[in-house]
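Student: I'd love a close look at one part of this model: the long helix near the C-terminal end of the chain and whatever packs around it. Could you walk me through that in one go?

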Amino acid sequence: MGKVKFGIIGCGMMGREFVSAASRWCHLLGDIPAPEVIAVCDTNEALLGWYKKHVPSVRHICADYRELLEIDEVEAVYCAVPHNLHEEVYIAAIEAGKHLLGEKPFGIDRAANRAILEAAGRHPECIVRCASQFPFYPGAQKLVRWINEGGPGQVIEVKSGFKHSSDIDTQKKINWKRMVDVNGAYGCMGDLGIHTHHIPFRVGWVPERVSAQLANIVTQRPDAQGCQVPCETWDNALLACDVRTQNGDAFPMMIENKRIAPGSTNEWYIEVYGMKQSAKFSTNDPCAFSYTESMGSEQAWCRVVIGYKPQTPTITGNIFEFGFTDSILQMWGAYMSEIAGKPQNFGCYTPEETVLSHKLCTAALASEKSKKAEKLEDY
Ligand SMILES: NC(=O)c1ccc[n+]([C@@H]2O[C@H](COP(=O)([O-])OP(=O)(O)OC[C@H]3O[C@@H](n4cnc5c(N)ncnc54)[C@H](O)[C@@H]3O)[C@@H](O)[C@H]2O)c1
């Protein structure tokens, strides 16, 4: 099935991940259009040499995203720019009639997110989605199927988290992700939050209220010149949420987003505790799915290594191991299928779901101030 011509706006870490995924499209089986990167844009010229060297299909290089969006043959764009630019760049891409895979948090705040959603609403012909790759791990997909098949029975509690630890180094230089004006007031929630919302929100577990504990642990960091400057973003967030499902079930959901979690290099996990059965998945054990078996009145945790069985079939044998870059490729497989009009069992994070994420993060900020539980419907 043909190709879709892509432009990349923001050629940093995630731009390169996309190129890597696009350049091993032969890995995927099935009739999915391949992304062909023909245009790249970044204000930092030093980054573009890598693209010139590794992406022979690139024929347009620019520093102004408006120039890229004016290229008629560009059909779709991947935008991986700092959060303060999401509103401006995403809206411009959609208004230019391009399909858009935008990075999270899909707007620096609730108002920016609302404006992006309005633009998407004006252009239903554009397939607009938000990047979120971790749910595409086979173990996470198994967990989603297990939930949808009623595996947990009555839900007791859900825990969903994403934790890093590199900020424990107080001498780590400040970057835009630790600056309120560029990253946003959400702090770690804007950076890590959507990763932890995708599965719960998709299965219908949307919080009614949130009670937040936010922590700014390292309040200054060295800048590029080594001078100490304020570091005002939230490092860690613990969100205690009340969930009520459409069928009336109510249970607590704990969401944790942490930049300073000792021992957690890059730990994304979800745990579901149920009266019938419990199950969990973590990227610390990326090939396994864990679940409980009842043994009389006790429960045993069982761990099954499920291997390489992602949603989009690939050339890799299903006994092998799955990793981060595979999850990025699977997310892209899902997005390209959606562009081709082939809805997936488990699709990419939708603009409507990003609205729920923004309501949760905004309510969490309010809860931190009020020291009370805040209702999402108020935000
Ligand atoms: N899905 C994930 O796992 C994941 C991981 C990290 C970051 N992200 C998201 O990706 C986005 C980018 O993060 P990153 O880690 O790649 O950051 P990065 O700093 O490595 O890259 C951002 C790039 O945008 C460029 N840029 C800045 N202003 C620009 C402009 N006006 N026009 C064009 N380019 C411009 C910068 O020069 C930089 O190269 C963010 O939204 C972030 O939240 C997602």
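Tutor: Here is a walk around helix H10 and its partners, followed by the sheets and the loop that connect to them. Please keep in mind that this is a predicted model.

Helix H10 covers residues 351–370 and lies across three strands: E8 (207–215), E11 (236–244) and E17. With E8, the helix makes an angle of about 60°. Those three strands belong to an open sheet of nine strands with mixed pairing, in the order E16-E15-E14-E13-E7-E12-E11-E8-E17. E17 (374–375) is an edge strand of that sheet, as is E16 (298–305), and each of them pairs on one side only. Towards the E16 end of the order, E14 (residues 279–282) and E15 (residues 288–295) are antiparallel partners joined by two bridges. Within that pair, lysine 280 sits opposite serine 290 of E15.

Now to the helices that pack on H10. Two packed helices are described by the angle between their axes and the distance between the axes. For H8 (residues 188–202) against H10, those values are about 125° and 10 Å. H8 and H10 are therefore oblique to each other, and their crossing is right-handed. On the H8 side, the contact is made by Met189, Gly190, Gly193, Ile194, His197 and Phe201. These meet Glu353, Thr354, Leu356, Ser357, Leu360, Cys361 and Ala364 of H10. By class, the residues of this contact are seven nonpolar, five polar and one charged.

The second partner is H5 (residues 110–122), which packs on H10 at an angle of about 165°, with the axes 10 Å apart. H5 and H10 are therefore roughly antiparallel to each other, and here the crossing is left-handed. From H5 come Arg110, Asn113, Ile116, Leu117 and Ala120, while H10 supplies Pro351, Thr354, Val355, His358 and Thr362. That contact holds five nonpolar, four polar and one charged residues. Thr354 deserves a second glance, since this H10 residue appears in the contact with H8 and also in the contact with H5.

Following the chain back from H5 brings us to the loop between E5 and H5, where proline 105 is found. The peptide bond that joins lysine 104 to proline 105 is cis, with omega about 5°. Phenylalanine 106 has its place in that loop too, and its phi is near 65°, a positive value in a residue other than glycine.

On the other side of the loop, E5 is part of an open sheet of six strands with parallel pairing, ordered E3-E2-E1-E4-E5-E6. Its edge strands are E3 (60–62) and E6 (128–130). On average, neighbouring strands of this sheet are turned by 25° against each other, direction ignored. E5 (residues 99–102) pairs with E4 (residues 76–79) in the parallel sense over four bridges, and tyrosine 78 stands opposite leucine 101 in E5. Helix H4 (residues 86–95) packs on the sheet and touches E1 (3–9), E4, E5 and E6. The direction of H4 makes about 160° with that of E5.

One last stop is the ligand, which is surrounded by 22 residues. The closest are Gly10, Gly12, Met14, Asn44 and Glu103. By class, this shell has 12 nonpolar, six polar and four charged residues.

Notes:
Residues are numbered from 1 along each chain as its sequence is written. This is a predicted model: local features need pLDDT of at least 70, side-chain atom pairs count only at pLDDT 80 or more; totals for chains, interfaces and linings use all residues. A residue is near a molecule or strand if its C-beta atom, placed from the backbone, lies within 6 Å of it. Ala, Val, Leu, Ile, Met, Phe, Trp, Tyr, Cys and Pro count as nonpolar, Asp, Glu, Lys and Arg as charged, and the others, Gly among them, as polar. Two strands pair if DSSP finds at least two bridges between them. Two residues are in contact if their C-beta atoms, placed from the backbone, lie within 7 Å. Axes are lines fitted to C-alpha atoms, for helices over the stretch in contact, and angles run from 0 to 180 degrees between N-to-C directions. Angles under 35 degrees count as roughly parallel, over 145 as roughly antiparallel, 65 to 115 as roughly perpendicular and the rest as oblique. A crossing is left-handed if the near helix is turned anticlockwise from the far one by less than a right angle, and right-handed if clockwise.
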